[in-house]
Amino acid sequence: MSQENTNYDAIVIGAGVVGPCLAKCLASQGRKVLIVEREWTKPNRIVGELMQPAGLLALKRLGMAKAVNNIEAIQVDGYYVSYFGKGVTIPYPTKDVLKNLNTKPVPGAIKENDVEDDGDRIATDTTLNMKEWENSETVKGVALHHGEFLMNLREICLREKNVTKLEGNVTDIVYDGDRVVGVKVQNQGVFNASLVFSCDGIYSKFRKQLAEDHVPSIGSYFIALDLVDAPLPSKYHGHVLLGEHAPVLIYQISPHHSRILCAYRSKTLPKKQEVLDYLRKSVLPNLPDQVKPSFEKAYEESVNGSSIYKAMPNQFLTARLNDVPGFICVGDSLNMRHPLTGGGMTVGLNDCALLVEILSELTNEQLKDHNLVFDAMTRFHDERKPLDVVINTLSIALYSLFAADSSSLSILQRGCFHYFLRGGDSISGPVGLLSGMTPRPSLLFYHFFAVAFYSCWINIKEKGVLGFPIALIQNTLALITACNVLLPFLSREIFS
């Protein structure tokens, strides 16, 4: 039966991570919601495999926590950073940080007095032990297979009676004057709604509705391989390997599988042979010895084509105010950051929670009132900034330091590692920012320049008295570089 000209309170384009959460919560607030996805089959992607603690907290607030259950997800307790073979463990913050965060479910997300509805709680399963989590002094994240996580999100979403599922390709946004009033789905007609939400991810077709120049920039690529039964140096930790090569990330995503992401310094998609040469000559020799056999096997599978590597562009996009009547971008269609810090789902899910919370103050009829919705969007744009500024700016700043493609950045990279070796606040401060649990731009500014000045001190110590004049010149250039790395992105995010 054709659904042409059917009216909804909200249409959600895309059933990735953010789309199902948004649709489910809008529906639980009494909205009539249509969610459109081109393919509802399980995707095979390398994005969205590590969720920081702040992302997990947002998932709980959205009533979607059980999406991480029964997919063999692995707990993440923090990071292990290796610098030319020397390592330091960086645990996630203690649970004291929770007192400064909003931990309450968003309106309508959790059904009161329904003992079967505990969507704000993760259950114990074959790989996650909730008793251990409750007794832990620190917060935790999870690493998982993206496709299986996505299917769980969709299943929870589609349980809502007010949600209608549609498989199809949205080809156009439909306007009435300057207002968006619906979408056109290929071979299925036009569907109308009070609000249209674009949640169509990193390759969004519709973000340009906000502005023609609202397009991401590509700074580098990640090359991904699947490691089977790879023993990692630090269990339950994300691994960041630093050296003369671009940074390498490794994290376990199931009992037998780990993801390795190898940064590749290129703004264009590299050719296969170039990638394979880089993996063999630059990455393999610098991996921990226990990881090399699994990597060599994955590499050989890429060479013979039985399991080819995957390449992903590392994109950056500053958010814009959602000021188009009837149209709202959420998630990666609104803004993106370098995936080095695993902050994509953290920002997207927290944006979803904040947006649903703000819109809960409007009735279904008021969703048609652009002035009321614009006021809500202005509030959303302002209130999302602390977390957005920290995660987005930190991602590009850390990648610049960790990639270290200049002598000044190498000084900062070395200083950053020695800063971590100090322990105490030199670890808890940065990881609080990275995990999204202390979303304070001022704290990011403080620790970044504390690293910069400590890097200068380390350089002076290494150069000694005779090398002081050289160190002075190098340190001046390093501080200028630090300003150029942080300040343009920080100001762009704050004042966007």
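Me: Which residue forms a salt bridge with D388?

Reply: Happy to start there, and bear in mind that this is a predicted model. The closest N and O atoms of the pair are 3.3 Å apart, which falls within the 4 Å allowed for a salt bridge. D388 is buried, and its partner is buried as well. That partner is R384.

Me: Which residue is linked with R384 and D388 in a network of salt bridges?

Reply: The pair R384 and D388 already forms one salt bridge. The network takes in one further residue, D351.

Me: How many salt bridges does a search of the whole structure find?

Reply: The bridge between D388 and R384 is one example, and the bridge between K140 and D77 is another. A search of the whole structure gives a total of 15.

Me: How many residues apart in sequence are the parts that K140 and D77 tie together?

Reply: The closest N and O atoms of K140 and D77 are 2.8 Å apart, and the two form a salt bridge. K140 lies in the loop between α3 and β7, while D77 lies in the loop between β4 and β5, so the bridge ties together parts of the chain separated by 63 residues.

Me: Is E148 buried or partly exposed?

Reply: E148, in helix α4, pairs with K42, in the loop between β2 and β3, 106 residues apart. The closest N and O atoms of this salt bridge are 3.9 Å apart. Buried would need under 20% relative accessible area. E148 has 28%, so it counts as partly exposed.

Me: Why is helix α10 described as largely enclosed by the rest of the structure?

Reply: Helix α10 covers residues 407-421 and reaches 22 Å from its first C-alpha to its last, close to the 21 Å expected. Its buried residues include L409, F417 and F420. The helix is largely enclosed because the number of its 15 residues that are buried is 11.

Me: Which residues make the nonpolar surface patch of about 290 Å²?

Reply: One member, L477, lies in helix α13 (residues 468-495). At 44% relative accessibility, L477 counts as partly exposed. The patch is made by I473, L477 and I480.

Me: How far apart are the C-alpha centres of domain 1 and domain 3?

Reply: The protein is divided into three parts, with domain 2 at 217-315 and domain 3 at 392-495, while domain 1 is made of 7-72, 98-214 and 317-388. The C-alpha centres of domain 1 and domain 3 are separated by 34 Å. Their contact takes 19 residues from domain 1, and from domain 3 it takes 18 residues. The distance you asked for is 34 Å.

Key
Residues are numbered from 1 along each chain as its sequence is written. This is a predicted model: local features need pLDDT of at least 70, side-chain atom pairs count only at pLDDT 80 or more; totals for chains, interfaces and linings use all residues. Side-chain values use heavy atoms; hydrogens and water are left out. Helices (H or I, at least four residues) and strands (E, at least two) are DSSP runs, numbered from the N terminus. The expected span of a helix is 1.5 Å times one less than its number of residues. Buried means under 20% relative accessible area, exposed over 50%, partly exposed in between (1.4 Å probe, protein chains only). Patches are made of residues with over 30% relative accessible area and no salt bridge: like charges are joined within 9 Å, nonpolar side chains (Val, Leu, Ile, Met, Phe, Trp, Tyr) within 5 Å. Accessible areas come from the Shrake-Rupley method with a 1.4 Å probe; for residues, only the protein chains shown count as cover. A salt bridge is a side-chain nitrogen of Lys or Arg within 4 Å of a carboxyl oxygen of Asp or Glu. Domain bounds come from an automatic or database domain assignment. Contact means heavy atoms within 4.5 Å.
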